[in-house]
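Visitor: I'd like to walk through this model with you. Could we start with the terms and then turn to the atoms?

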Amino acid sequence: MPALSLVTLVSLVSTVFTKQLDAHPPQQQHRHWAQICSGNPTNRIRGCDRYGCGNFGADRHSGKGKHVGVDVICSDGATVYAPFSGQLSGPIRFFHNGNAIDDGVQIRGSGYCVKLVCIHPIRYHGQIRRGERLGKMLPMQKVYPGIISHIHVENCDHSDPTHLLTPDVPPLPQQDGRWAAVCAGNPTNEIRGCDKYGCGYYGAPRRSGKGKHRAVDVICADGATVYAPFSGQLSGPVKFFHNGNAIDDGVQIRGPEFCVKLLCIHPVRYSGQISKGQVLGRMLPMQRVFPGITSHIHIENCDHSDPTSNLERGKGQRE
């Protein structure tokens, strides 16, 4: 091959490779962030306690404001890790009062920018790598006794980071009909029993005995993470109450074998594909609408058939 042609070929290959790197930088090979706190490998989000709830959009300031971050559960003193690679800057003061948890740091890089608050970083400047030790969780119990200790994780543009915090779950075989766990904290899809508002099983009386429950109520704490029971196509929103109350939201999933509506949840999106076990959204504040009820997701097959067998077949079994 002539020398000129060889140089031209090398130049062309180099140009194409550079363009590919520009379009897909190495840091962005991870679509989801790394574990942030030791002892919480799935970046589990704080539910609700007497101080409030940890999900994105939860009420703040007695309902006058909204939570523009996500609270990732983390024990006081635990090791904190960088969710992605980037440049550190800080300190970040959230409370501006010098209390025991008024510290934090910002990370910008890998296509993201986030503030991690209520931690003490090992440094406030310089580069850090995904998964590298970032610092330690500060003593939140000292400031808020009885709260679920957590790291406040806030995107710099105030967008919702929830979907980035949960790892991808690949689609699983569906031929046995078993659905995945629907709600964090309820791995067996336990169905609501009876409380002062009624019972959660399929066929339970409704409207003072004049109707029947054509769905199943799966127990789920207010603010808990909700997962897709099977892979399929999302559509919605699905409104059950049609009165705009705090739990009047939901979504439908239609897959190759199943079609179901999940109500009293706020999904991460209302359209597109979702995989079995992937984060679907969060449980809405049912206690606000029905105080004392067993909080739950209303799960209704599109054809009004009984979904109980699909929800229970996985109990105590391995994949």
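Guide: Happily! Buried means under 20% relative accessible area, exposed means over 50%, and partly exposed lies in between, with a 1.4 Å probe and protein chains only. This is a predicted model, in which local features need pLDDT of at least 70 and side-chain atom pairs count only at pLDDT 80 or more, while totals for chains, interfaces and linings use all residues. Residues are numbered from 1 along each chain as its sequence is written, and side-chain values use heavy atoms, leaving out hydrogens and water.

Visitor: Are Phe230 and Phe258 buried or exposed?
Guide: Phe230 and Phe258 form a tilted aromatic pair, 5.3 Å centre to centre with 50 degrees between the planes. Rings of Phe, Tyr and Trp (its six-membered ring) pair if their centres lie within 6.5 Å; planes under 30 degrees apart count as stacked, over 60 as edge-to-face and the rest as tilted. As for accessibility, both Phe230 and Phe258 are buried.

Visitor: Why is the pair of Trp179 and Phe258 classed as it is?
Guide: Trp179 and Phe258 are 79 residues apart, so to speak of distant parts of the chain is fair. Both residues are buried. Their ring centres are 5.5 Å apart and their planes stand at 80 degrees, so the pair is edge-to-face.

Visitor: What is the strand order in the open sheet of six strands?
Guide: Strands here are DSSP runs (E, at least two residues), as helices are (H or I, at least four), numbered from the N terminus. Two strands pair if DSSP finds at least two bridges between them. In this sheet the pairing is antiparallel, and the order is β18-β26-β22-β21-β20-β24.

Visitor: Which residue in β21 is the bridge partner of Ser235?
Guide: Strand β20 (residues 232-235) and strand β21 (residues 250-254) run antiparallel to each other, paired over three bridges. Within β21, the partner of Ser235 is Gln252.

Visitor: Which strand gives the most to the largest nonpolar core?
Guide: A nonpolar core is a set of buried Ala, Val, Leu, Ile, Met, Phe, Trp, Tyr and Cys residues joined through side-chain atoms within 4.5 Å. The largest one has 33 residues, and those with the most contacts inside it include Trp33, Val80 and Ile107. Elements supplying at least two residues each include β5 (70-73), β8 (104-109) and α3. With four residues, the one that gives the most is β9.

Visitor: How many residues are in the other core, which lies apart from it?
Guide: Among its members are Val218, Cys220, Leu263 and Ile299. The size of this core is 31 residues.
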